[in-house]
Protein chains: 2
Amino acid sequence: MPENKDFCNYDALKLENQLCFPLYACSREIIKKYRPFLDEIDLTYTQYIAMMVFWESGRISVKELGKKLFLDSGTLTPVLKSLESKGLVTRKRSTEDERVLMVEITELGQQLKEKAVTIPPRVGGCIALEPEEAMTLYRLLYKILNKDE
Amino acid sequence: MPENKDFCNYDALKLENQLCFPLYACSREIIKKYRPFLDEIDLTYTQYIAMMVFWESGRISVKELGKKLFLDSGTLTPVLKSLESKGLVTRKRSTEDERVLMVEITELGQQLKEKAVTIPPRVGGCIALEPEEAMTLYRLLYKILNKDE
DNA sequence: TAAAATTAAATCGAACTCAATCAAATATAA
DNA sequence: TTATATTTGATTGAGTTCGATTTAATTTTA
């Protein structure tokens, strides 16, 4: 990326010239920072972002959940079953359309929010960006994500 | 992220206010864009970024490779065995220090570079950022990655 | 030197990711 | 009303991902 033009022959194949690579590495590094905090409430990162949706929505279909998280049912099914086994959500087929599986947060799931709310500020301290930079990063990432919508 | 201050009670737990989430989603979305191109040369994304290092370095230890890719030996061992089975690299213990496994690119691995070089420009077209924006994103991501070094 | 500590990889286990496929339910068309 | 197509969610399989443990080799220390 350093020089966007004048890429001589193979420079495009250098790791340092990729945008995808730091994105990928950063994503994993930040998820890793969440781990000790998420361990406290016995959630994995994927379970955590799914719970975030439930804390906001309460009840949602697997399909809609997948759209919000950019994840497909192959990923979500085991995650939701795990959350159900912990008693945090219930899974029930819609009566109007039996194909649709509705997932709903339980009282226990709601209660977990109290503990979870302490996590974002604690993780935030691990990221070395100024508020303004974080804002810019946020905007650029959503620009990429919303491209195809 | 929209409002960095004045987070009332639970706003910090909204998906849209997380920085980690778009980072994670973006990373997966971009890797997904690589897939059809990588299928052409029969590499997964992880194998591809490992090959990028070999195209630059030729010969490197698992330890050093892991440092470059932010991946540990638990991830790399199966990746490298797979690349070896395709004949793209060889794996041999260092004679000076038997603990160290040196991985070296083969002639076939070198040849693959010719095909791979067409990938970055083709994927680049899938990302909706201006060159200047891409540059900014790149800089911010590396700022996060280099924090702990 | 011999014991202890450190280091590098491999291994293992649990979880995630996603393409591909399947089965069931619904919608549409002939 | 039948077929046909589409939609939805589950399942499967290959490949990651990473913490934790193990093994082997090396280095440090007593």
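The following exchange examines a predicted model of two protein chains with two DNA strands.

Trainee: By what rotation is chain B superposed on chain A?
Mentor: Two copies of a chain are related by a rotation about an axis and a shift along it. Here the shift along the axis is 0.0 Å, and the superposition has an RMSD of 0.1 Å. The two copies are thus related as by a two-fold rotation axis. The rotation that superposes chain B on chain A is 180 degrees.

Trainee: What percentage of the interface residues of chain B are also interface residues in chain A?
Mentor: The copies meet through the same surface, because the interface residues of chain B recur as interface residues in chain A. The percentage is 100%.

Trainee: In what order do the strands of the open sheet in chain A stand?
Mentor: The sheet has three strands with antiparallel pairing. β1 (59–61) and β2 (89–93) of chain A each have a single partner strand, so they stand at the edges with one side lacking a neighbour in the sheet. From one strand to the next, the twist averages 25 degrees. The order is β1-β3-β2.

Trainee: Which residue of β3(A) stands opposite A:Lys92?
Mentor: β2(A) pairs with β3 (residues 101–105) of chain A in the antiparallel sense, over five bridges. Across these two strands lies α4(A), which runs at about 120 degrees to β2(A). Opposite A:Lys92 in β3(A) stands A:Met102.

Trainee: What angle does the direction of α3(B) make with that of β1(B)?
Mentor: Chain B has an open sheet of three strands in the order β1-β3-β2, with antiparallel pairing. In this sheet, five bridges join β2(B) to β3 of chain B, and B:Arg93 has B:Leu101 as its bridge partner in β3(B). α3(B) packs on the sheet and touches β1 and β3 of chain B; the angle with β1(B) is about 90 degrees.

Trainee: How many charged residues does the surface near DNA strand C have?
Mentor: DNA strand C is surrounded by 28 residues, the closest being A:Thr44, B:Tyr24, B:Lys63, B:Thr77 and B:Lys81. Both chains contribute: α2 (45–57) and α4 (73–85) of chain A are among the elements that each supply at least two residues, as are α1 (20–40) and α3 (62–69) of chain B. By class, six residues are nonpolar and nine are polar, while the number of charged residues is 13.

Trainee: Which residue has a side-chain N or O atom 2.9 Å from a base nitrogen of DNA strand C?
Mentor: Of the atoms of DNA strand C within 4 Å of the protein, 79% belong to sugar or phosphate, and the rest belong to bases. A phosphate oxygen lies 2.8 Å from a polar side-chain atom of B:Lys81, and another contact to a phosphate oxygen, at 3.4 Å, involves a backbone N or O atom of B:Val62. The residue at 2.9 Å from a base nitrogen is B:Ser73.

Trainee: Which residue has a polar side-chain atom 3.0 Å from a base oxygen of DNA strand D?
Mentor: The 27 residues that surround DNA strand D include, among the closest, A:Tyr24, A:Lys63 and B:Thr44. From chain B, a polar side-chain atom of B:Thr46 lies 2.8 Å from a phosphate oxygen of this strand. From chain A, a polar side-chain atom of A:Ser73 lies 3.0 Å from a base nitrogen. The residue facing the base oxygen at 3.0 Å is A:Arg99.

Notes. Residues numbered from 1 in each chain as written. Chains lettered and ligands numbered in written order. Predicted model: local features only at pLDDT ≥ 70, side-chain atom pairs only at ≥ 80, totals over all residues. Heavy atoms only, no water. Least-squares fit on C-alpha atoms with pLDDT ≥ 70 in both. Contact = heavy atoms within 4.5 Å. Near = heavy atom within 4 Å. Polar contact = N/O pair within 3.5 Å; in protein donor to acceptor, adjacent residues only side chain to side chain. Helix = DSSP H or I, 4+ residues; strand = E, 2+ residues; numbered from the N terminus. Nonpolar A, V, L, I, M, F, W, Y, C, P; charged D, E, K, R; others polar. Pairing = 2+ DSSP bridges. Axes fitted to C-alpha atoms, helices over the stretch in contact; angles between N-to-C directions.
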